[in-house]
Amino acid sequence: MPPAGNMISSIVRFLPILHIACTGTVFSAWWITVLLVYRYRSSYPRLADVKGWPSPRVRLPKVSVLVSACNEAGTVERAMRSLLAVEYPDVEIIAINDRSSDETGEILECLAATCSRLRVIHIESLPHGWLGKNHAMHVASQEAAGEWLLFTDADVVFHKDTLVAAVTYAYQRGADHLVACPHFVGLDFWERLVTSYFGLMFLLRVRPWDVERLDRPAYFGFGAFNLVRAKAYRECGGYGALPMEIVDDAKLGKVLKRGGFQTRIVDADDYLSIRWFIGFRGLDGAFMKNAFASFEFSLLRTALATVALVITALYPILALALPVGPARWLAGGTVIAMIAGAGVMRRITDADFRYGCAYPLAGAIVIGIIVKSTWMTLRQHGVVWRGTRYCLDQLRRGVV
């Protein structure tokens with residue numbers, strides 16, 4: 001047999017070994033992920049367990065709640081009514097109507113007419129060098145008089161005791177920045193599936209178990225609830241340091257940690273809720289802007305992440321279909337890990353452990369979103385969001 005034939009024969013004999021090794025690696029990666037997240041989630045502090053403010057003789061500090069809304073007519077009234085019903089002795093609510101073309105501004109003004117705690121600011125134009133939401137939050141923070149600033153979104157529903165519990169916990173733990181994770185409402189199969197899978201992958205990437213350690217680079221922030229000590233916010237530059245950063249909520253956590261300030265994370269599933277997107281068609285709106293940006297517009301990072309998702313989400317299905325016994329067993333164990341992962345995520349989503357069986361489908365959807373987001377951003381030489389186009393070169397220069 002010629003040398004080329006010997007080489008091909010050797011490769012063919014080696015393929016089953018390579019296949020088993022790859023399947024074993026994916027099996028190990030999934031179980032390590034599930035165990036890490038389970039260990040963290042099992043010790044995850046809950047806002048519902050926080051006791052009341054320690055002393056009635058010590059006043060609760062003033063809190064400024066800052067809400068940016070752009071064309072949020074479908075969600076803003078319910079969210080704002082829940083905020084207005086929050087029981088907190090010294091709170092101001094500043095809502096920014098950011099160039100909305102729908103009824104958002106009118107809804108906010110009607111609500112403000114019924115409650116003196118709510119103030120509405122209307123932004124008519126966007127200065128050069130700013131993203132819309134970042135500029136709105138920057139304007140709101142300049143108007144805020146609170147000792148603490150709460151940055152939140154116009155689709156988050158609050159429990160009446162949220163602020164008292166959050167401020168109390170921040171003081172108890174010596175936090176400068178408190179991130180409260182809401183319950184993600186899912187009303188159909190696609191909402192529950194993608195939220196569950198994405199949440200698990202997000203926790204693995206963010207590594208929240210390292211966020212509170214100042215000697216580790218991990219950082220965290222979430223748009224639904226970023227509570228920041230005003231002094232720390234202003235010392236680190238706040239949104240003034242993030243004018244063109246698309247992933248603004250997470251990067252606020254980064255600039256705070258870089259300034260030496262302490263971030264704490266708490267589970268607020270009983271106190272906050274959000275419906276992230278509506279149905280399968282809502283996936284583009286939820287992820288398209290942020291998918292490529294979350295890899296800082298780097299093609300290399302995006303490609304590596306996509307390959308990792310292909311291998312971890314889709315390869316086990318291939319392994320189940322191929323006639324290699326050990327690989328099939330490992331792939332089956334990987335599917336069990338996916339089911340366990342969905343069970344771990346059950347507390348913050350409406351998806352139970354059964355949704356883990358469809359994690360490969362969720363992985364394929366997320367891969368498709370990343371590819372589409374990257375292609376659209378490169379094709380448009382930027383990002384179009386809420387009717388405004390942001391140049392890719394500016395966005396890359398604005399990455400923090």
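L395 is a buried residue in this predicted model. Its relative accessibility is 0%, and since buried means under 20% relative accessible area, L395 falls on that side of the cut-off. You'll find L395 in helix α14, which covers residues 392-397.

So what is L395 in contact with, once we leave aside its neighbours within four places in sequence? The list is L131, M244, I246, F297, V383 and Y390. Take M244 from that list: M244 and L395 are 151 residues apart in sequence, but in space their C-alpha atoms are 5.7 Å apart.

Now hop over to I311, which sits in helix α11 (residues 299-321). I311 is partly exposed, with a relative accessible area of 32%. I311 also helps make a nonpolar surface patch of about 270 Å², together with V307, V310 and L314.

Here are the two residues side by side:

| Residue | Helix | Relative accessible area |
|---|---|---|
| L395 | α14 (residues 392-397) | 0%, buried |
| I311 | α11 (residues 299-321) | 32%, partly exposed |

On to the strands. Three of them form an open sheet in the order β5-β10-β7, and the pairing is mixed. Which strands are at the edges? They are β5 (156-158) and β7 (183-184), each pairing on one side only. Look at how β7 meets β10 (residues 272-274): the two run parallel and are joined by two bridges. If you want a spot to look for there, F184 stands opposite I274 in β10.

Methods. Residues are numbered from 1 along each chain as its sequence is written. This is a predicted model: local features need pLDDT of at least 70, side-chain atom pairs count only at pLDDT 80 or more; totals for chains, interfaces and linings use all residues. Side-chain values use heavy atoms; hydrogens and water are left out. Patches are made of residues with over 30% relative accessible area and no salt bridge: like charges are joined within 9 Å, nonpolar side chains (Val, Leu, Ile, Met, Phe, Trp, Tyr) within 5 Å. Accessible areas come from the Shrake-Rupley method with a 1.4 Å probe; for residues, only the protein chains shown count as cover. A salt bridge is a side-chain nitrogen of Lys or Arg within 4 Å of a carboxyl oxygen of Asp or Glu. Helices (H or I, at least four residues) and strands (E, at least two) are DSSP runs, numbered from the N terminus. Buried means under 20% relative accessible area, exposed over 50%, partly exposed in between (1.4 Å probe, protein chains only). Contact means heavy atoms within 4.5 Å. Two strands pair if DSSP finds at least two bridges between them.
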